[in-house]
There are 2 protein chains.
Amino acid sequence: MRKETSTNSLNRSILNRNCGMVNALSMVGGRWKPAILYSLAEGRQRYSELRNGIPQVSERMLVKQLRELEHDRLVARIVHPEVPPRVEYELTERSKELLPVLNLLSDWGRKNL
Amino acid sequence: MRKETSTNSLNRSILNRNCGMVNALSMVGGRWKPAILYSLAEGRQRYSELRNGIPQVSERMLVKQLRELEHDRLVARIVHPEVPPRVEYELTERSKELLPVLNLLSDWGRKNL
DNA sequence: CAGTATCCCACTCGATACTG
DNA sequence: CAGTATCGAGTGGGATACTG
């Protein structure tokens, strides 16, 4: 059994790993996405609660990143057909699986500030 | 002992967590940084080895991201004063601690392609 | 309340050519 | 060998004003 150290097989495994990373980063790499996920980790929240909870983010960016998170199925958007309108957001199974990993990354990031 | 669910204390912890994440992402969020780290995880490598190992990256970006990684002390740059020049790169303690976390993130990313 | 629409800057990234 | 230099397209993100 030959050791897999040839340049080709090595690259392939590295590039495979990297492919997963690139995908993960494209989903959570937005400027405000981690903040949104952390906020929703406390429980389902209305749009205005998110907005007040993360005061630095502009409406444009909050909506944009929420839509992307929704598209990537990391948050669920629950629209209540009422007047005045009420929209809530919550984590999905997919993002709940991710949270512990984000916590590790966040801890590392704080440790190495 | 009061449950910490007031808006203020909640925000503070979220923003603290997020602060670590933002820092972590700023260090590893570059398009090629994970690939570089994974490549170096196999052991110390010369500049040309990295370049050949990650053929998609342009020289400009490879050098740029290497410099940023070096600045953030995630890779060490070892210059051998010879002719022709020889430069090697290797992981630091700091990035070795990070690798398991990156692997988790990468696994999650692959799983949710 | 929960968003859209518009404008615009800064920065990222890639390709190509050149160099100590 | 291990990089710089330069240019140009594309993207991320902020400020502000408006709306069903």
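Which residue of chain B forms a salt bridge with Glu97(A)? In this predicted model, the partner is Lys111(B), and the closest N and O atoms of the pair sit 2.6 Å apart. That pairing belongs to a set of four salt bridges counted between chain A and chain B. Polar contacts add to the picture, with 15 residue pairs linked in this way across the two chains, both members being at pLDDT 80 or more.

As for where chain A meets its partner, four helices each put in at least two residues: helix 1 (7–28), helix 2 (33–41), helix 3 (47–53) and helix 5 (93–111). Helix 1 of chain A gives the most to this side, supplying 16 residues. Sorted by character, the residues on the side of chain A that touches chain B come out as 21 nonpolar, 14 polar and eight charged.

Now for the extent of the contact. The size of an interface is often given as the accessible area lost when the parts come together. Here, putting chain A and chain B together buries about 4200 Å², and carbon and sulfur atoms account for 67% of that area. Chain A brings 43 residues to the contact, and chain B brings 43 residues as well.

The symmetry comes last. Two copies of a chain are related by a rotation about an axis and a shift along it. In this case, chain A lands on chain B after a rotation of 180° with 0.0 Å of shift along the axis, leaving an RMSD of 0.1 Å. That is how a two-fold axis relates two copies. Both copies use the same surface, too: of the contact residues of chain A, 100% turn up again in chain B.

Technical notes:
Residues numbered from 1 in each chain as written. Chains lettered and ligands numbered in written order. Predicted model: local features only at pLDDT ≥ 70, side-chain atom pairs only at ≥ 80, totals over all residues. Heavy atoms only, no water. Contact = heavy atoms within 4.5 Å. Buried area = accessible area lost by both parts, 1.4 Å probe. Salt bridge = Lys/Arg side-chain N within 4 Å of Asp/Glu carboxyl O. Polar contact = N/O pair within 3.5 Å; in protein donor to acceptor, adjacent residues only side chain to side chain. Nonpolar A, V, L, I, M, F, W, Y, C, P; charged D, E, K, R; others polar. Least-squares fit on C-alpha atoms with pLDDT ≥ 70 in both.
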